[in-house]
Amino acid sequence: MKLILAIVNNDDSAIAASALTEAGYFVTKLSTTGGFLMVGNTTLLIGTEDTETENVIEILSKYCKTRKQATPSTASFGNGLSNESLPPEVTVGGAAIFVMNVEKDIKI
Ligand code: 2BA
C-alpha cells in the first residue's frame, strides 16, 4: 500500500479531491502553508494500493495546473530574507507529489 501526499493549489483542490473520490479513492484534505510564499495551499492524502499510484497521479495531473504566482511581501516573514532577494514571481504547481510506502493500514 502507498500513501500519496500531494501539495496542490487551493483553487484546484476541490475539483481534484472530487475527481479522486468519484474514482473511488479515499482522500483527506489538509489546509497547509507553503514555506516559501507563506500562503495557503492544500495537501491531499490518498491511501491506496500500489497498482493505483499512476492512476492517482494521472488524475492529479489533469486537475492541478501550473501557474505563475506573484511573491507577496509577506513571503519573507520570519525567515530573515529581504524582499530584494526574492523573485517577483514564481511558477507554482501543478502539484508536488510524494509517494510513500505504508507498513500497515488499520481502521478500527
Ligand atoms: P511554497 O514553499 O510556498 O513554494 C512556492 C513556489 O516557490 C514553489 O513552487 C517554487 O516555484 C518556489 N520555491 C519554493 N521554495 C523555493 C526556494 N527555496 N528557492 C526558490 N524558489 C522556491 P512548487 O515547487 O510548485 O511548490 C508548491 C508548494 O509545494 C510549496 O509552496 C510547498 O508548500 C510544497 N512543496 C514543494 N516542494 C516541496 C518539497 N520538496 N518539500 C516540501 N514541500 C514542498
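Me: What makes the space with a volume of about 310 Å³ count as a pocket?

Reply: In this predicted model, the largest pocket has a volume of about 310 Å³. A pocket is an open set of grid points with protein on both sides within 12 Å along at least five of seven lines, whereas in a cavity the probe cannot get out; the space is therefore called a pocket because it is open. Rolling a probe the size of a water molecule over the atoms shows where empty space is left.

Me: Which residues line the largest pocket closest to its centre?

Reply: The lining comprises 20 residues, and those closest to the centre are Ile7, Leu37, Asn41, Val92 and Gly93. Two or more lining residues come from each of strand E1 (2-8), helix H1 (10-22), strand E3 (40-48), E5 and E6. E5 gives the most, with 3 residues. By class, the lining has 9 nonpolar, 10 polar and 1 charged residues.

Me: How do you know that Leu37 makes a polar contact with the ligand?

Reply: A backbone N or O atom of Leu37 lies 2.8 Å from an oxygen atom of the ligand. A polar contact requires a pair of N or O atoms within 3.5 Å, so the pair at Leu37 qualifies. For Thr91, a backbone N or O atom lies 2.7 Å from a ligand oxygen atom, and for Gly93 the distance from such a backbone atom to an oxygen atom of the ligand is also 2.7 Å. These two pairs therefore count as polar contacts by the limit of 3.5 Å.

Me: How much of the ligand does the protein bury?

Reply: Taken alone, the ligand exposes 740 Å², and the protein buries 51% of that. Strand E5 (89-92) and strand E6 (95-101) each give two or more residues to the shell around the ligand. The largest share, 3 residues, comes from E5.

Me: Why is Gly34 counted among the polar residues of the shell around the ligand?

Reply: Gly34 is one of the residues around the ligand, and Gly is counted as polar by definition, so Gly34 belongs to that class. By class, the shell has 7 nonpolar, 5 polar and no charged residues.

Me: What share of the protein chain is called buried, and what makes a residue count as such?

Reply: Of the 108 residues of the protein chain, 29% count as buried. The term applies to them because their relative accessible area is under 20%.

Me: Which pattern do the helices and strands follow along the sequence?

Reply: The protein chain has 2 helices and 6 strands, arranged along the sequence as β-α-β-β-α-β-β-β. Along its principal axes, the C-alpha trace spans about 50 × 25 × 20 Å.

Terms used. Residues are numbered from 1 along each chain as its sequence is written. This is a predicted model: local features need pLDDT of at least 70, side-chain atom pairs count only at pLDDT 80 or more; totals for chains, interfaces and linings use all residues. Side-chain values use heavy atoms; hydrogens and water are left out. A residue is near a molecule or strand if one of its heavy atoms lies within 4 Å of it. A polar contact is a pair of N or O atoms within 3.5 Å; within protein, one must be able to donate a hydrogen and the other to accept it, and residues adjacent in sequence count only if both atoms are side-chain atoms. Accessible areas come from the Shrake-Rupley method with a 1.4 Å probe; for residues, only the protein chains shown count as cover. Helices (H or I, at least four residues) and strands (E, at least two) are DSSP runs, numbered from the N terminus. On a 1 Å grid over the protein atoms alone, a cavity is a set of points where a 1.4 Å probe fits but cannot get out, and a pocket is an open set with protein on both sides within 12 Å along at least five of seven lines; lining residues have an atom within 4 Å of a point. Grid points are joined across faces, edges and corners, and a volume is the space filled by probe spheres set on the points. Buried means under 20% relative accessible area, exposed over 50%, partly exposed in between (1.4 Å probe, protein chains only).
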